Amino acid sequence: MNDFKNNFIKGLKQKKPQFLTKDLIADVETPISCLLKLKKNQKYSFLLESVEGGSLRGRYSLIGCDPDIIWEVKNNIASITYQDKNYNYEISKEPIQSLKDLIKISRFDKGKIDIPYPILVGYLGYPMIKHMEKIDLLNKDNIN
């Protein structure tokens, strides 16, 4: 067994977060076609692509679904929904501090992986700006 596999199995037994990667030749599938196949019946899925050489071609595609943690802010209160019952992290209820807390608890050693995978994937809606700047939002949030 090679060192990578031994280290992965050791980390798995110790319940350490880690990356498992697979390089694929992308001459038959596109990132979009892969996402469409994987995301069936998934409420949360994503596709992130890096760009190399301007807007000419992508270098890496990151496809994901079935998240472990869902971070939300509703009515100015942050919360985490755990999809796996093995998690029980405490975070602040204040939106910006809770995001900082989540980033801190999500960090782990990526080992020798040189691909710039993120530790968290998601988006912030426009209403989050009021937690970053002193600004009054005049438009109502009609989609929550």
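Is E29 buried, exposed or partly exposed? With 29% relative accessibility, E29 counts as partly exposed. Keep that residue in mind, as it comes back in one of the views below. Everything shown here comes from a predicted model.

**View 1. The whole chain, before we zoom in.** Let's get our bearings. The protein chain has three helices and four strands. Walk along the sequence and you pass them in the pattern α-α-β-β-β-β-α. Of its 144 residues, 14% count as buried. Among contacts with a separation of 6 or more, 29% are between residues 24 or more positions apart.

**View 2. Helix α3, with one face tucked in.** Here is α3, which runs over residues 95–106 and has 12 residues. From its first C-alpha to its last it reaches 16 Å, close to the 16 Å expected at 1.5 Å a residue. Now look for the buried residues: P95, S98, L99, D101, L102 and S106. Seen down the axis of α3, these buried residues fall within an arc of 160 degrees, so they line one face of the helix. A handy rule helps here: an α-helix has 3.6 residues a turn, so residues three or four places apart point the same way. On the other side of α3 you'll find K100 and K104, both exposed. And what covers the buried residues? The cover includes the strands β3 (69–74) and β4 (77–82).

**View 3. The start of α3, where E94 reaches over.** Zoom in on the beginning of the helix. A side-chain oxygen of E94 comes to within 3.3 Å of the backbone nitrogen of I96.

**View 4. D101, a buried charge without a partner.** D101 sits in helix α3. Which side chain of opposite charge is nearest to D101? That would be K104, but K104 is 6.8 Å away, and the buried D101 has no salt bridge. Salt bridges here need a distance within 4 Å, so a gap of 6.8 Å is too wide for one. Still, the D101 side chain does reach something: the backbone nitrogen of S92, at 2.9 Å. Skipping neighbours within four places in sequence, D101 is in contact with I91 and S92.

**View 5. W71, a strand residue up against α3.** This tryptophan is found in strand β3. W71 has a relative accessible area of 17%; the cut-off for buried is under 20%, so W71 counts as buried. Leave aside neighbours within four places in sequence, and W71 is in contact with quite a list, including P95, S98, L99 and L102. A78, S79 and I80 are among its contacts too, as are L124 and M128. One of these partners deserves a closer look: the side chains of W71 and S98 are joined by a polar contact of 3.0 Å. Check P95 as well: W71 and P95 are 24 residues apart along the chain, while their C-alpha atoms are separated by 9.7 Å.

**View 6. The two salt bridges.** How many salt bridges does the structure hold? There are two. One links K37 with E29, and their closest N and O atoms are 2.5 Å apart. K37 is exposed, at a relative accessible area of 52%, while E29, our residue from the opening, is partly exposed. The other pairs the side chains of E72 and K74, at 4.0 Å from N to O. E72 counts as partly exposed with 28% relative accessibility, and K74 is exposed at 53%.

Technical notes:
Residues are numbered from 1 along each chain as its sequence is written. This is a predicted model: local features need pLDDT of at least 70, side-chain atom pairs count only at pLDDT 80 or more; totals for chains, interfaces and linings use all residues. Side-chain values use heavy atoms; hydrogens and water are left out. Helices (H or I, at least four residues) and strands (E, at least two) are DSSP runs, numbered from the N terminus. The expected span of a helix is 1.5 Å times one less than its number of residues. Buried means under 20% relative accessible area, exposed over 50%, partly exposed in between (1.4 Å probe, protein chains only). The arc is that of the directions from the helix axis to the C-beta atoms. Contact means heavy atoms within 4.5 Å. A polar contact is a pair of N or O atoms within 3.5 Å; within protein, one must be able to donate a hydrogen and the other to accept it, and residues adjacent in sequence count only if both atoms are side-chain atoms. Lys and Arg count as positive and Asp and Glu as negative; His and the chain ends are not counted.
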